[in-house]
Each structure stands twice: as structure tokens, then as C-alpha cells.
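Hi everyone, thanks for coming. I'd like to walk you through a structure today, so please have a look at it on the screen first.

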Amino acid sequence: MGFTLVAPERPEEACEILASAAPGQVAVLAGGTDLLLDLDSGRSHPDRVLSLRRLPWRSLQWNGPTLTIGSTLPLSEIEVDPVVRARIPGLWDAIHGVGSLQLRHRATLGGNLGRASPTSDLIPMLLALDASVEIVGVQGIRSVPVDEFVLASRSTALRVGELIASISIPEARPSAYVWQRVRPSNDISQVGVAVARASRAPFWRVALGGVTPRPVRLPEAERELRAERPLTPEVVRAAEAAATHAPFATDKRATETYRRQLVGVLVRRAIAMVSAPLDRPVGWA
Amino acid sequence: MIRTDLPAKVSGETLFGMDLGEPGMLWGALVLSPVAHGRLRGLGFAEARAMPGVEAVVGPEETDRLLAGHTGDPERPVFPRDVVAYRGQPLAAVAARTLAQARAAARAVRCEIDPLPIVPDIESVFPEWPGSGAGEHPSVIAHVRAAHGDLEAEFRAAEFVQSETYRTNGVAQVALEPHACLARVEAGRWLVRTSTQSPFSAREDISSILGVAEESVVVEGTWVGGGFGGKAGASVEPYALLLAASTGRPVKLALNYAEEFLIGRSTLPSVVHLESAVRGGRVTGRRARLLLDTGASLPGRDFATGYAIGFLLGPYRVDAFEVEGYAVRTNKPPFGPHRAPFAPQCAFMADSHMDGVARRLGVDPVAFRLVHAWAPGDRTPLGQVVGPFGMIECLQKAGALLATWRKEIPYGGGFGLGVGCGFWSTNAQAGGEAVVRLTPTELVIEQGEREIGSGSVVRGLPAVLERVLHVPAEVVRVSYSDTASAPFDSGVFGSRTVAGLGGAVEKAARGLSAELARRLGSTGVAHLSVDGGGLFATATGSRRPVEELLTPQEIGAGGLRVAGKHYGATGAIDDARVSAGSFYAYTDFTAAAHLALVHVDRETGAVKVLRYAAFHDAGVVIDPPTFRAQVEGGVVMGLGSSLTEETLWSPEGRLLNPSLLDYRIPTLGEVPPIEVHAVPGHLGAGPFGAKGLGEPPIIPVPAAVANAVADATGVRVYEMPLSAERVARALKLLPEGGEER
Amino acid sequence: MPAGSTRVNGAPVDLSEVPDDERLLDTLRWRLALRGTKEGCRTGDCGACTVLLDGRSALSCLTLTHEVEGASVTTVEAIANGRIGEAVRDAFIAEGAAQCGYCTPGFVVALTGLLAERRASTPVSDLLEEMGGNLCRCTGYGTIGRAIVRAREAIR
């Protein structure tokens with residue numbers, strides 16, 4: 001507490017504020033639904049809070065097959081876009097399952113990535129969609145795959161003076177995000193499984209949340225899925241590979257053994273949802 | 001309109017304890033112990049006192065100065081002086097000009113504590129089932145035992161013995177409004193406005209803790225944002241009063257939600273061993289042993305063990321039994337009363353056990369329970385006579401509905417149906433007084449409680465008056481005042497408001513009726529009616545405006561006042577059956593049977609409750625909409641403790657999930673359709689035969705859900721809540737020997 | 001921060017005295033004396049502090065006051081000034097959808113925002129699920145669910 005709030009209108013100004021400050025002096029506020037908890041508890045005590053609300057990043061646009069989402073667009077705006085829901089159903093599943101509607105009205109995709117919570121439900125889906133992060137900074141603009149952007153729990157590849165401008169998803173993909181939570185609303189997933197099918201081989205992406213220390217792609221499971229429409233034995237092998245290789249740990253939400261049981265089940269169910277999308281239930285497994 | 005309090009609540013005008021504020025007030029914050037057990041060497045206040053806005057920091061020494069000449073209960077010091085007994089124990093309090101300043105200063109207080117070894121849980125005290133002499137263990141602060149009949153003979157003669165161990169976990173009340181009060185000290189009077197379930201017992205507690213005369217303490221209840229047992233007696237008030245005394249200014253003190261979870265007096269875990277001797281299709285002998293984690297409760301002050309253990313035996317007949325319970329002191333915050341203290345947990349264990357015996361016998365679980373269920377006139381295992389009691393009728397109706405639902409669900413496929421039974425005793429014993437005041441245009445109930453949500457005060461009390469005097473609801477009003485001016489009442493607990501305080505209202509109303517009849521020249525009763533905005537009284541054909549029946553003095557004094565008192569009978573148990581400790585004697589028995597339809601995901605263990613029905617022996621239902629809402633609320637609270645709610649503790653005595661994110665109470669989308677049925681036929685001790693309904697709706701829920709899960713899977717889960725992980729483990733989906741939680 | 005043209009319940013408010021680190025919840029309750037907005041968990045998990053920001057429900061406990069600069073804030077005190085809010089209020093009263101009443105303002109505001117945001121044809125089950133951010137401990141959601149159905153019917 002006891003900080004100054006700054007809300008520049010131009011990205012260059014925002015990056016300059018970050019670049020000129022010592023580490024930890026400036027906290028970035030995109031939606032605030034996670035940061036404010038840290039400010040309240042004293043886990044974070046910056047001198048200044050940099051609000052991104054005036055930056056021109058509240059956008060959603062398709063460029064051919066590519067979807068680009070501005071980093072400060074509230075999650076609820078992505079959720080209500082009928083094209084997003086139809087073309088990338090897994091992204092809708094993941095976003096719709098975040099917190100409550102009140103929370104999604106404020107929370108942003110950029111904020112979720114930038115905070116890099118180990119329990120994020122969005123990062124696994126972005127991994128399965130081969131999404132990349134467009135970064136602006138005092139040194140210029142660069143693009144980094146999400147897999148390289150999220151380094152560890154609460155740690156990203158952002159350098160001093162850099163901000164997330166947008167997130168790009170290279171193509172619309174049949175996809176699903178399924179999770180298990182103790183409570184369907186407003187809870188954190190014990191395990192989350194993101195599955196997406198690409199337009200060309202290798203067809204399948206499988207990514208996990210609820211793992212330690214950060215959401216990951218699971219190449220061991222992906223390798224088992226060779227066909228565009230995999231048959232049951234392939235799916236079973238992929239689920240077994242996921243259960244074997246997922247970097248799970250025990251915490252207050254679930255034990256490692258239970259997570260291994262869950263991931264095998266959820267990988268099968270997620271692939272089934274992508275393969276036979278007609279009667280797909282909504283996310284909650 | 002159903003309840004008179006609704007428009008103001010819906011429009012946000014109603015102010016609660018959290019909303020209290022006045023000009024010049026300071027904000028308080030508590031300094032909580034960062035360790036679960038330790039020797040207090042000292043507290044460093046210098047840094048905190050120098051912080052901006054800080055007006056007072058109060059610890060043990062300052063308390064001594066402020067309370068010089070007063071002697072509080074030495075067993076309940078405001079702040080500990082020597083040993084810290086749990087993490088979160090208040091060590092000092094701070095007052096500052098803003099809440100942020102107060103909290104920052106509280107964080108800056110230095111706590112010098114030498115850590116001591118801690119007792120985190122029951123298992124660390126008794127890794128194995130304790131033998132005889134466990135009552136002497138230094139961690140055991142209460143021991144109760146009762147027995148009757150030749151138990152050994154029953155076990156020898158048994159066709160089989162069903163022997164099971166159950167576990168329950170801690171649950172929190174989660175009233176959405178945290179504990180909050182606003183205190184001031186003026187001219188030697190200790191004044192506090194607070195969100196409490198029981199202003200008078202808060203006054204008694206404050207007087208005892210601070211060592212000040214009860215007459216000098218005035219408690220004014222505010223609207224209460226939920227209680228569920230957590231707001232009985234005093235909580236934050238003594239700290240706020242000390243800060244007010246220290247600064248000479250009004251002080252607001254409210255817990256934040258993490259503190260609410262930690263020191264809001266939640267319930268703690270238990271381990272129970274149940275054994276039944278079964279012969280001829282009946283349980284003939286029952287042995288029950290309870291180990292209850294009572295946290296840092298004081299020896300001799302454990303109320304829970306003797307209270308809880310009675311619920312382990314009922315509501316079933318048994319020829320011979322032995323029950324034994326131990327209160328195990330640990331370094332957790334003291335055990336508190338959570339709606340129906342420990343009855344839902346006991347019903348879960350007792351009724352899962354009965355269901356399991358029936359399944360082993362291959363008989364219908366409902367029919368099996370009907371063989372054992374108490375009927376009116378039966379004696380309980382502790383020798384009490386069961387009065388009017390509708391367990392049999394509730395079970396029969398639940399069983400009939402189960403048969404109907406059975407036809408509507410696919411066989412197998414993870415669906416299952418279960419019935420849970422529970423009983424409760426409306427606290428008819430605690431006293432209450434009320435005054436009914438009649439003016440020419442309205443009737444006012446003057447009394448000392450505040451509404452905590454159920455409607456028992458705002459709707460229950462007027463409904464009693466309406467029934468006696470035949471008046472429409474529009475002319476009846478409930479007034480509240482502080483403990484200095486309101487008639488005494490014991491508080492909102494034990495399902496007693498309508499039965500107890502309502503009894504006082506009934507007596508006052510009958511007194512008023514008789515007095516009006518007398519003034520109308522009759523010896524019978526009088527009724528009231530409304531005509532053209534004025535009240536009229538009628539008795540044996542004579543009808544006059546109330547205005548003409550009241551004396552000018554009465555009208556000048558605000559109306560005609562008639563007082564009523566209700567002090568109910570105490571229950572009696574057969575003391576010859578008790579060999580250690582004390583047991584709770586029930587007063588007015590009430591029964592319920594619930595039916596749950598569940599689906600169990602046989603790959604993940606996740607349980608969904610799809611449909612639910614509740615049958616309640618509620619005596620005469622005074623107000624049907626309130627009855628329905630109250631049962632729905634209790635059922636859903638019970639579904640939370642059945643499936644998702646539990647407090648998680650680390651081996652260091654740290655509460656791991658003190659937030660509404662990680663302690664999961666049910667949300668709207670999860671709630672199944674719930675049928676609510678009143679089962680008439682057995683009159684309670686309350687007005688017109690009403691029975692209490694505060695606790696009963698939550699009691700049978702975990703048992704109904706657990707039995708439905710057993711029906712769906714053929715597997716029993718011996719621990720509540722029935723989290724998906726526990727069910728998965730019971731289904732043997734997880735490798736054996738893995739880490740459990 | 002310069003004061004913008006923020007409006008609370010239709011009236012412009014001057015926020016120039018509000019410190020940068022203050023929450024909207026505290027500004028409403030303690031500066032503007034709008035204590036109908038309730039403080040529950042203060043961590044965004046209970047929904048009791050829900051207000052509308054330009055018509056969309058938001059958690060005032062997780063919102064810095066200056067972040068709503070230029071926006072229109074609606075609290076429970078003014079929610080029934082609109083057609084939908086009025087229908088919601090009436091439905092809550094008619095169904096008896098409050099017990100202790102502490103969560104009630106949050107429910108009324110959140111449901112008003114939800115009904116304004118979603119099409120009236122939205123299935124009831126979707127509405128119930130979307131209200132999952134508001135916790136109630138007393139009612140078991142029975143009366144609240146019936147009030148949601150009634151309010152939806154009233155505005156169709």
C-alpha cells in the first residue's frame with residue numbers, strides 16, 4: 001500500500017516508466033484481480049503501480065487465419081465473441097471457466113500471462129494453440145512463443161522495460177479445455193488438460209495445467225497421437241503417457257497420485273471432445 | 001411480501017456490524033500469534049507506536065493498567081502472558097486513524113516467542129486407538145463414558161460384528177459478514193454495538209473477560225450477516241473495548257476473512273470407531289468411541305464431547321451399548337459451535353454404519369432403520385424418554401420416495417440413492433422474555449434478539465402473535481433494543497428462537513388477549529382486527545376500537561404492555577448409565593430423514609448430487625415459506641460439508657486454506673432441485689406445537705450423500721467430506737500406499 | 001491522479017482526494033457513505049461487493065478507485081432506477097430471496113448486470129451458473145434461483 005498510480009496513454013511512455021525503475025519498484029496492473037491481492041497482503045509493495053488501462057490494446061482481430069488479442073482486453077469480451085467460440089472452442093472453455101463473471105469483466109489475457117501463475121487455466125490452452133506473445137519494450141518489438149515466454153512460477157521472459165502488447169494464435173483449431181475442480185465455479189483446477197488439433201501434421205497438441213512449476217506441453221502424449229483422427233488405442237497410449245510423464249506434485253488441492261489418475265481420464269475425454277465435437281459438454285469434466 | 005426485513009435488505013439500506021461507523025472513530029486491528037505453540041518472551045511495540053496514524057497499541061501490560069481494580073476470569077485472559085496456545089491467538093491490538101494504518105502497525109509489532117513442540121492433531125497424540133487410562137493423557141481435557149446392558153454378552157452372541165473407523169474434518173461457519181463491532185467507553189460504561197447471535201451472552205462474556213460489572217456493559221445487537229454458531233457470545237468485543245478505553249474514542253474492530261477462518265471458531269476433526277453386534281436382523285449391541293480434536297480449548301471447558309457423543313447412538317434403539325469420548329487438546333484454535341455442533345458428523349458416521357450393516361445383511365437400508373428407529377415413548381440409550389418424535393414417519397416417506405426415484409434412474413451407470421437420518425433437540429430449556437405492546441394502530445414485540453437470517457425473529461415471532469390474536473401481519477412489528485433496556489433472552493441458538501422466545505411472545509399475547517377480553521366485559525379471549533387503519537378488539541360478541549380500551553396513561557406511555565416469560569423444562573438422562581464426564585440432556589426431540597440422488601464419476605470419483613428431498617418432523621409449521629427456505633439453506637450448507645468443505649492444517653498448526661477460494665462453499669450452479677416436506681403429527685414444545693428448525697436441516701445431509709455414494713458404487717467412504725479424491729481412493733482407482741490427504 | 005468525470009449513481013463525484021491505493025469498495029462505503037455495497041471476503045471470492053462499471057458487474061474490492069475514472073458506477077442504492085434493476089428488486093422481494101441479507105445487494109447488482117448483458121432468451125441454467133461468483137450461505141440459493149427465474153420472465 002502507499003503507492004502512486006500512473007496510467008500513461010502511449011506504450012513508449014509505459015515502457016520508459018518500467019525501464020527507469022529499479023526491480024520491484026513498479027508493479028504492472030492489467031486487470032488487477034491478482035495483483036491487488038498481493039498489494040493487500042503486503043507480498044508486493046511497489047512505489048508505483050503502472051496501469052495499462054489507457055493503452056490502445058483492448059482489441060480483438062482476425063488477420064486471415066490468425067487471431068490477435070490485445071493484452072488488456074477483458075476476458076469477458078473474448079468470451080462473448082461468437083467467432084472465437086465457434087472457431088477456437090478450447091479457448092472459450094478455458095476463459096469461461098476463469099473465476100466469476102465479475103472477475104472476467106476486469107481480468108485480461110495479458111494480465112494472466114504476465115502474472116504467470118502456476119495455476120493458470122489459460123496458459124495451457126495458449127500452449128496447445130501454439131500462441132505467441134508480442135512484446136513491446138524500450139529496445140523495440142519482439143515475438144516469443146508462449147512456451148518460451150513462461151519461464152517458471154511467477155516468472156516470464158519479459159525484460160526490463162517490456163510489456164505484453166498482444167497475444168497471437170496462428171490458426172483456428174478444433175480444441176477443448178477440460179479440468180477437474182473441487183467446485184465448478186470460482187475455483188482453481190486440480191488438473192487442466194488443453195487439447196488442440198492442428199491443420200497439418202503433427203496434428204495434436206496436449207498441454208497441462210495443475211502441474212509444477214508451470215503449465216507445460218506434453219510431447220510424450222502428443223507423440224502417441226499420429227492420426228488426424230486417432231483410434232482408441234492411440235488415445236489410450238497418449239493418456240497413459242500423460243499420466244506417466246506429467247510433472248505433478250502434491251499440494252493442498254490434490255495429491256500427485258490423484259492428479260496422475262485424473263490426467264489420464266481427462267486427456268481421453270478432451271481428445272474425444274475434439275474428435276466428436278457435436279455433443280461436447282462444457283468444460284467441467 | 002413474506003418478510004418485513006426484505007425491502008431494506010434488497011435495496012442495501014440494512015446496516016450490519018461491518019457497516020458501523022461514526023465521526024472520529026478509530027480502526028482496530030489484532031496482532032495474531034505467528035506460531036502455534038510457544039513461550040511468550042515479549043512484545044515489541046516501539047516501531048508500531050511510531051507509525052503514522054497509530055493511537056494505541058494494547059498488550060497484556062496495557063490491559064492490566066486499563067483494567068486496574070477489575071479481576072477478569074483468570075482462565076480467559078484477554079491476551080496470553082506466558083504460553084501461546086495456537087497460531088492466530090490474539091496477542092495485542094492496535095488502533096489507528098485508518099484501517100490500513102492499523103493493519104500495517106499490527107504487522108510491525110514484534111512478537112518474541114520461543115517455539116515449543118506442538119500437538120498438531122489427534123493422530124500425534126494417539127497413533128493407535130487408546131486403551132484404558134487414556135483419560136489421564138495430558139492432552140485429554142475431557143473424558144465421557146456411558147454404558148448400559150450386557151454388551152459383552154451381545155458381542156459374544158452376535159452373528160457378526162461390523163467394526164468401522166470413520167474420520168471427519170473441520171468445517172467453518174462462513175457467515176458472509178465477518179465478526180465486527182464498534183466500541184466506546186463512557187463514564188465507566190462499556191458500550192458496544194456488535195454483530196452477535198446473543199447480545200446477553202456477549203454481555204456476560206465481556207463482563208467475565210474484562211472483570212467489569214455486568215450492569216456496566218451494554219451490548220446493542222446490529223443486523224447480523226449470518227451466524228451459524230460462530231457469532232454466539234463475545235468475540236472481538238473485548239479487544240475493541242480495551243482500545244476504546246485506551247484512546248477515549250470509539251473504535252471499530254472487524255476481522256478480515258482470513259482471520260475469520262482462523263479464529264471465527266470453526267469445528268475441528270474427529271476419529272470415531274463404531275462397532276455393532278448384529279443378531280436376528282438387528283443391532284443388539286453398539287460400541288462407539290470418539291476422539292475429538294478440540295483445539296486449544298481449556299480443560300473443563302470442552303462442551304463438545306458430551307454434547308456430540310449422544311448423536312453417535314441415535315436415533316436408534318439398542319439393547320446394550322458403551323460410548324466413550326475423549327476431547328483431545330491440540331494447538332489449533334479452540335473448537336467452536338458450527339450449526340448443530342457435531343451432529344451432522346455423528347449422523348454421517350452412525351447412519352453410514354447402519355446403512356453398511358443393512359447392506360451386509362442384504363436387507364433394505366430404510367426398512368432396517370425402521371426396525372431400530374425411536375418411537376415416541378421409547379428410551380434413548382442414555383435413558384431419556386423420547387417425547388413426540390416423527391422419525392418413523394419421516395423414514396417411511398423418504399423410503400417411499402426412494403422407491404419412486406429408483407424407477408426413474410438407470411440401473412448402475414454410477415447413479416445411487418441414499419437416505420440419511422438425523423435427530424435434534426430444540427433447546428426448550430434456555431430462557432427468554434418478551435413484551436407485547438398494543439397501541440391503537442399496531443402491535444409491537446419488544447425483545448432483545450437480532451435477526452441472523454433464518455427469519456425466526458422477524459417472521460417467526462410475529463407469526464406467533466398473529467396466530468394468538470388473529471391479526472394480520474401488517475400491524476405487527478418487532479422492535480430491538482440494547483441489553484440495558486430489552487427484556488432478557490438467551491440468544492439465537494439451538495433452534496430455540498420460535499420455541500423459546502416465541503413461547504414468551506405467546507404467553508404475552510395470551511395475557512394481552514385475556515386483558516382485552518376483561519376490558520370488553522368477557523372472561524374469555526379477545527381477538528384483534530383492523531378496520532380503517534385502526535385496531536379493534538372483539539370478545540364474545542363485543543367489539544370496540546382499541547383506542548377506547550386503552551387508558552390515557554397507557555396511550556401516553558406508548559401503549560398497553562404485557563410481558564411473557566418462557567423458561568422451559570430441562571431434560572433428564574439416567575445418571576446410573578454415566579460413568580465419566582457429563583452428557584447433554586436433550587429437551588424437545590425432532591427428527592428428519594433426507595433422500596439424495598447422486599451420480600459418481602467412476603473414473604475420477606467426482607460426486608454430483610442431482611436431486612434431493614428433505615422430510616422434517618417440524619411439529620406445527622408456523623410459517624411455510626420460512627420453513628421451506630430454512631430447510632433449503634440447511635441442506636445446501638450440508639452438501640458443502642458433505643462434498644467440498646474442509647479446513648486443511650499443516651503439521652505446524654497453520655491453516656492452509658483460509659479463503660473463500662480454497663474453502664469451497666456451494667455455488668448457485670451446483671445446487672440440485674430440493675423438495676421440502678413437513679411431516680406433521682408430533683407436536684413440539686413451542687407455541688402451537690412448533691419445533692425448532694435452525695439445526696435440523698443440516699444434520700442428515702452428509703449421511704444421505706454418503707449412503708447414496710455407497711449405493712452408486714458398492715463402496716463405502718469412511719471420511720467426510722467425500723471429496724473426489726477420497727471417493728477415487730475408495731474405488732481403488734489410485735495405487736495403494738500412496739500419500740493420502 | 002487528476003479527477004475525471006466519474007459518476008456514481010448518475011451524479012458526478014470528485015475523486016481528487018482519494019489516495020491512489022484506495023479500493024473502490026472503500027471509497028463507496030466510507031467516502032460516499034454508500035454502505036449498501038457490502039464487504040465480505042475482500043479477495044474477490046464472495047461477490048458481496050459487486051457494483052456495475054458502465055453496466056458490467058465488477059468486484060469493487062479488487063478495483064482501484066482511480067481505475068474507474070471516467071466510468072459510470074452503479075451501486076445497489078440506485079440499481080432499481082433502471083427497468084431491469086427494478087424487476088430484479090421486485091423479484092427478490094416477491095420470492096423472499098434474502099435471509100441474513102448480507103450477500104443480497106451483491107446478488108441484486110450482479111443479476112441486474114447479467115440480465116442487461118445477456119439476451120433474455122439465455123437459458124435459466126446458464127444464468128444460474130453465471131451467478132456463481134456470488135456466494136450465499138443462508139438460503140441454499142432456492143429462493144434466489146426462483147427470483148432469477150421471475151426477474152428473467154419479467155423483462156422478457
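I'll go through confidence, then some strands and a sheet, and then the contacts between domains and chains.

A word on confidence to begin with. What you see is a predicted model, and it scores ipTM 0.97 and pTM 0.97. For chain C, the average pLDDT is 95, and 97% of the residues score at least 70.

Let's turn to chain B and pick out one strand, β17, which covers residues 432–438. Is this strand mostly covered or mostly open? Mostly covered: seven of its seven residues are buried. You can follow the two directions in which the residues point. G432(B), A434(B), V436(B) and L438(B) go one way from β17(B), while E433(B), V435(B) and R437(B) go the other way. Please note that E433(B) and R437(B) are among the buried residues here.

Now, which strands does β17(B) pair with? One partner is β23(B), residues 560–566, which runs antiparallel to β17(B) and is joined to it by seven bridges. If you want a spot to zoom in on, V435(B) has A563(B) as its bridge partner in that strand. Another partner is β18(B), residues 443–447, again antiparallel, with four bridges to β17(B). There, V436(B) is bridged to I445(B). β17(B) and β18(B) also form a hairpin, with four residues joining them.

Staying in chain B, there is an open sheet of seven strands, and the pairing in it is mixed. Reading across, the order is β24-β7-β15-β14-β13-β8-β28. At the edges sit β24(B), residues 578–580, and β28(B), residues 719–720, each pairing on one side only. Within this sheet, have a look at β14(B), residues 282–295, and β15(B), residues 320–329: they pair in the parallel sense over ten bridges. G295(B) is the residue that stands opposite R329(B) in β15(B).

On to chain C. This chain is divided into domain 1, residues 7–78, and domain 2, residues 79–155. Taken over C-alpha atoms, the centres of these two domains of chain C are 20 Å apart. How many residues does each domain bring to the contact? 16 residues of domain 1 of chain C touch 16 residues of domain 2 of chain C. On the domain 1 side, the elements giving two or more residues are β3 (50–53), β4 (56–59) and α2 (76–79) of chain C. β3(C) gives the most, with three residues. By class, the domain 1 side has seven nonpolar, seven polar and two charged residues.

Let's finish with contacts between chains. Chain C brings 41 residues into contact with 47 residues of chain B. On the chain C side, the elements with two or more residues there are α2, α3 (83–94), α4 (104–117), α5 (124–130) and α6 (142–155). The largest share comes from α6(C), with four residues. In terms of class, that side of chain C holds 20 nonpolar, 13 polar and eight charged residues.

Chains A and B also meet, through 19 residues from chain A and 25 residues from chain B. On the chain A side, helix α12, residues 256–275, supplies the largest share, five residues. That side of chain A splits into eight nonpolar, eight polar and three charged residues.

That's my tour, thanks for listening!

How values were computed
Residues numbered from 1 in each chain as written. Chains lettered and ligands numbered in written order. Predicted model: local features only at pLDDT ≥ 70, side-chain atom pairs only at ≥ 80, totals over all residues. Buried ≥ 20, exposed ≤ 12 C-beta atoms within 10 Å, placed from the backbone. Pairing = 2+ DSSP bridges. pLDDT = per-residue confidence, 0-100. Domains from an automatic or database assignment. Contact = placed C-beta atoms within 7 Å. Nonpolar A, V, L, I, M, F, W, Y, C, P; charged D, E, K, R; others polar.
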